[in-house]
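Open the model and keep the sequence beside it. The tour starts at a single side chain and works outward to the sheets and the ligand.

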Amino acid sequence: MSLEVAGVEFGYRRHPVLEGIDLTVAEGAFCALLGPNGSGKSTLTKILARILRPGAGTVRHAGRDLLRMPRREHARIVSYVPQSSEAPFELTVREAVLLGRTPHIGLLPTTHDWDVVEAAIDQLGLADLRERHLSELSGGQAQRVLIARALAQEPRVLLLDEPTSALDLRYQIETLRIVREVTRERGVTALIAIHDLNHAAHFCDQAVLLHGGRIVADGPPAEAFDAATLGRVYGLEVRVERTGDTVDVRPAELDGTSGADRPEPLPRP
Ligand SMILES: Nc1ncnc2c1ncn2[C@@H]1O[C@H](COP(=O)(O)OP(=O)(O)OP(=O)(O)O)[C@@H](O)[C@H]1O
């Protein structure tokens, strides 16, 4: 039941943004999409969420064409946490999370639907806020509501576009831990666009590095994070330290070793 992206191309008004994207994420794997600003992470996530339609290529889950199946069916398989919310502000937290059940609900939500909603609210630490209106939440609290909504959808594929950008350190780590648990315990395949290389290395099984709309590295973080490649992609000298399976990435400037081998920036394809 892996997610398979093959030959995906996309451009905004003919300006190419993604080219030749081939990517496989195994069932139950947690995959980080990394790369500099503008490298195409959000665009790829939006294609998988069917917000954008690629000019070429296929996206399959368990062999089925995700881009051509009926939308309701797609919504039972894929849930998506956008960078920011478009949810109506007059909704309460419970009502907003219940929206995640839409692809599963017949006429009215059942007891099971409400149980799933309450579990997602508890999981994201929102129990005390469940009757609050979205307009009364902080940015980070609202971001946690979006994640709870996506979990309440009970997807097979969970897509997250920089979901931790507004979260404080505790909730950044908790969110990543929750997503990892969901992949481990429910076999959900998760893809997260994220900037923090060390968080990706710690929590994710697979790291995919984008540069100028192409994949330049793909593998377990300890293999994909190579100082020369990262340095060229980000245009910044970095140090990569490996200890067993763990890997730690630091800008050289922070440990006082900057200037030893300044990288040539990677030309945009
Ligand atoms: N609506 C749009 N119209 C035209 N160009 C766009 C649009 N959205 C994004 N782009 C361009 O597409 C490219 C990829 O953008 P995308 O948002 O996918 O990058 P990203 O890797 O997610 O960046 P970030 O880390 O800043 O979120 C960029 O060059 C961006 O300027």
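Start with Trp114. Trp114 has 15 other C-beta atoms within 10 Å, so it counts as partly exposed. The residue sits in helix α4, which covers residues 111–123. From there, look across to Thr246. The two residues are 132 positions apart in sequence, and their C-alpha atoms lie 40 Å apart in space. Bear in mind throughout that this is a predicted model.

Now take in the whole chain. Its secondary structure comes to nine helices and 12 strands. The radius of gyration is 19 Å, and the globule rule gives 18 Å for 269 residues, so the chain is as compact as a globular protein of that length. Along the principal axes, the C-alpha trace spans about 65 × 40 × 35 Å. Buried residues account for 38% of the 269 residues. How much of the contact set is long-range in sequence, at 24 or more positions apart? Of the contacts with a separation of 6 or more, such pairs make up 64%.

Two open sheets come next. One has six strands, in the order β6-β7-β8-β3-β9-β10, and its pairing is mixed. Its edge strands are β6 (78–81) and β10, each of which pairs on one side only. From one strand to the next, the twist averages 15°.

Walk across this sheet from the β6 edge. β6 and β7 run parallel and are joined by four bridges. Val78 has Val157 in β7 as its bridge partner. In a regular strand, side chains alternate between the two faces of the sheet. Which residues of β6 are buried on each side? Val78 and Tyr80 are buried on one side, and Ser79 and Val81 on the other, so that both faces of the strand are covered. β7 (residues 157–161) then pairs with β8 (residues 189–193), again in the parallel sense, over five bridges. Here Asp161 has Ala193 in β8 as its bridge partner. Helix α1 packs on this sheet, touching β3 (30–34), β6, β7, β8 and β9. The direction of α1 makes about 145° with that of β8.

The other edge brings a change of sense. β9 (residues 206–211) and β10 (residues 214–219) pair antiparallel over five bridges. Within this pair, Ala207 is bridged to Gly219 in β10. The two strands form a hairpin with two residues between them. Gly212 in the turn has a positive phi of about 55°.

Two residues that flank β7 in the sequence also deserve a look at the backbone. Most residues other than glycine have a negative phi. Glu154 has a positive phi, near 45°. It lies in the loop between α5 (139–152) and β7. Glu162 has a positive phi of about 45°, although it is not a glycine. Its loop runs between β7 and α6 (169–186). Are these two residues buried or partly exposed? Glu154 has 18 C-beta neighbours inside 10 Å and counts as partly exposed. Glu162 has 20 and counts as buried, because 20 is the cut-off for burial.

Turn to the second sheet. Four strands form it, in the order β2-β1-β4-β5, and the pairing is antiparallel. The edge strands are β2 (15–25) and β5 (64–65), each pairing on one side only. Inside the sheet, β1 (residues 3–12) and β4 (residues 56–61) are joined by five bridges. One of the bridged pairs is Ala6 with Thr58 in β4. Helix α1 packs on this sheet too, touching β1, β2 and β4. Its direction makes about 65° with that of β2. α1 thus touches strands of the six-stranded sheet and strands of the four-stranded one.

Finish at the ligand. Its surroundings are Tyr12, Val17, Gly35, Asn37, Gly38, Ser39, Gly40, Lys41, Ser42, Thr43 and Ala193. Which element gives the largest share of this shell? Helix α1 (residues 41–48) does, with three residues. By type, the shell divides into three nonpolar residues, seven polar and one charged. Ala193 has already appeared, as the bridge partner of Asp161.

Methods
Residues numbered from 1 in each chain as written. Predicted model: local features only at pLDDT ≥ 70, side-chain atom pairs only at ≥ 80, totals over all residues. Pairing = 2+ DSSP bridges. Near = placed C-beta within 6 Å. Nonpolar A, V, L, I, M, F, W, Y, C, P; charged D, E, K, R; others polar. Rg over C-alpha atoms; globule rule 2.2 N^0.38 Å. Buried ≥ 20, exposed ≤ 12 C-beta atoms within 10 Å, placed from the backbone. Contact = placed C-beta atoms within 7 Å. Axes fitted to C-alpha atoms, helices over the stretch in contact; angles between N-to-C directions.
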